[in-house]
Amino acid sequence: MAIEQMTMPQLGESVTEGTISKWLVAPGDKVNKYDPIAEVMTDKVNAEVPSSFTGTITELVGEEGQTLQVGEVICKIETEGAKPAEQKQDQAEATAGQAAPESRTEAASQANKKRFSPAVLRLAGEHGIDLEQVKGTGAGGRITRKDIQRIIDSGSVSEQTEEPKAAAPAPAQKQETKENVSHPAAAAGDKEIPVTAVRKAIASNMKRSKTEIPHAWTMMEVDVTNMVAYRNSIKDSFKKTEGFNLTFFAFFVKAVAQALKEFPQMNSMWAGDKIIQKKDINISIAVATEDSLFVPVIKNADEKTIKGIAREITDLAKKVRDGKLSADDMQGGTFTLNNTGSFGSVQSMGIINYPQAAILQVESIVKRPVVMDHGMIAVRDMVNLCLSLDHRVLDGLVCGRFLARVKEILESIDEKTSVY
């Protein structure tokens, strides 16, 4: 027999950690290679992790809700057919264990206590908690994220330590208690909603984006009267022929893809000592559910027709609703388009989808009185395009020209435009 270790896989480019949202196995369960053993959430996708071995689950190292770095051990599996050298080592360990079982158990316990996950280290650092004082409830006395959260919620380290403390708390403990008192507390009648793994991943990604990226913002209004009339005139026949809807959003995606090809600077990413200008134009589209936000990707959008884009929007939105997005569906995005107008917004500032350099909010199309070139006032279909940009990568000049080009493309759409 041999004990193999399953590690946190990398479920997408730039993904450095994952949160175990649900275990699909328990210790003692037999699994075959490629059987799903856990659901893991990252800031890009929620995916099932397959087993790399055939054998029996011996230990679930990671807990549900725990965030682990890529490459960290998540569970252990006992497999058959160990190599002779491995068998010899196992026997030696067993003999040593018989000679001094108490010392071996104590050493293993101490090793477990010292093995802190990134989530534990991060929380302890943020709240000034001394891990040497914390009594772990995990396997072998390991300190888990739940142990740290329990201390944070209680507002005192002393209640969770192995040794009783003096009546007067240390200055660090006083400060930690004071900080925790400032957190909102639930009152009678309030409803406490647990933070899901999906919401934690979204929060982490949004915080990283706002912390690291110097956001700037600009807006331009566009007259889409002719586009609206054209789409409305063909939407019924299109649905009957193709079997899916022709949405306004498909026209916006196509226009942005075309403009990105002409202004490749907008299709870039900050990489520390350099800026990477991406060759492929892969547009991420924000798709929301009741409690989550996903950003699947339309690959090579500049090469697709309006019809092709409309089909992909439909297919990706269905995958989100059915919970069937794959890691590949979420990878490779170079620019994000968000249809905020779908819920009536007319002006908004989006948070950039890290590590991209910009996000464009397509607001609601509304009828407004507009002064035309000849001085007459007419009722027109108008839409605001709101662009958030990474000011390390992009400046106002290129962004202004990019938006002006998107405006020009959209205002030129009429009955002569082909959707095929």
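This report walks through the fold, two sheets, a run of packed helices and two single residues.

## The model at a glance

This is a predicted model, in which local features need pLDDT of at least 70, side-chain atom pairs count only at pLDDT 80 or more, and totals for chains, interfaces and linings use all residues. Residues are numbered from 1 along each chain as its sequence is written, and side-chain values use heavy atoms, with hydrogens and water left out.

The protein chain holds 11 helices and 19 strands. Helices (H or I, at least four residues) and strands (E, at least two) are DSSP runs, numbered from the N terminus. The chain has 420 residues, and 41% of them count as buried. Buried means under 20% relative accessible area, exposed means over 50%, and partly exposed lies in between (1.4 Å probe, protein chains only). Among contacts in the chain with a separation of 6 or more, 65% link residues 24 or more positions apart. Contact means heavy atoms within 4.5 Å.

## The sheet E1-E8-E6-E3

Strands of a sheet pair through backbone hydrogen bonds, either parallel or antiparallel. Here, two strands pair if DSSP finds at least two bridges between them.

One open sheet has four strands in the order E1-E8-E6-E3, with antiparallel pairing. Strand E1 (2-7) and E3 stand at the edges, each with a single partner strand, so one side of each has no neighbour in the sheet. E3 is joined to strand E6 (residues 55-60) by two bridges, and the two run antiparallel. Opposite Lys30 stands Thr56 in E6.

## The sheet E5-E4-E2-E7

Another open sheet of four strands follows the order E5-E4-E2-E7, again with antiparallel pairing. Its edge strands are strand E5 (46-50) and strand E7 (67-69), and each pairs on one side only. Neighbouring strands of this sheet are turned by 40° against each other on average, direction ignored. Axes are lines fitted to C-alpha atoms, for helices over the stretch in contact, and angles run from 0 to 180 degrees between N-to-C directions.

Three bridges link E2 and E7, which run antiparallel. Gly18 has Leu68 as its bridge partner in E7. At the other edge, strand E4 (residues 36-41) pairs with E5 in the antiparallel sense over five bridges. Glu39 stands opposite Glu48 in E5. E5 has two faces: Ala47 and Val49 form the covered one, while Asn46, Glu48 and Pro50 form the uncovered one.

## Leu24, in a loop

Leu24 sits in the loop between strand E2 (17-23) and strand E3 (30-31). Is this residue buried or exposed? Leu24 is partly exposed, because its relative accessible area is 33%.

Leu24 touches Pro36, Ile37, Ala38, Glu39 and Glu48, leaving aside residues up to four places away in sequence. Its C-alpha atom is separated by 9.7 Å from that of Asp35, which is 11 residues apart along the chain.

## Helix H8 and its partners

Two packed helices are described by the angle between their axes and the distance between the axes. Helix H7 (residues 225-242) packs with helix H8 (residues 248-262) at an angle of about 125°, with axes 10 Å apart. That angle makes H7 oblique to H8. Angles under 35 degrees count as roughly parallel, over 145 as roughly antiparallel, 65 to 115 as roughly perpendicular, and the rest as oblique. H7 passes H8 in a right-handed crossing. A crossing is left-handed if the near helix is turned anticlockwise from the far one by less than a right angle, and right-handed if clockwise. On H7, the contact uses Met227, Val228, Tyr230, Arg231 and Asn232; on H8, it uses Phe248, Phe251 and Phe252. By class, that contact has six nonpolar, one polar and one charged residues. Ala, Val, Leu, Ile, Met, Phe, Trp, Tyr, Cys and Pro count as nonpolar, Asp, Glu, Lys and Arg as charged, and the others, Gly among them, as polar.

H8 also packs with helix H11 (residues 396-411), at an angle of about 135° and with axes 9 Å apart. H8 is therefore oblique to H11. Their crossing is right-handed. Residues of H8 including Phe251, Phe252 and Ala255 meet Phe402, Arg405, Val406, Ile409 and Leu410 in H11. This contact of H8 with H11 has 10 nonpolar, one polar and two charged residues.

## Asp390, in a strand

Asp390 lies in strand E19 (residues 377-390). Asp390 counts as buried because its relative accessibility is 0%. Asp390 touches Ile213, Pro214, Trp270, Ile352 and Ala357, not counting residues up to four places away in sequence.
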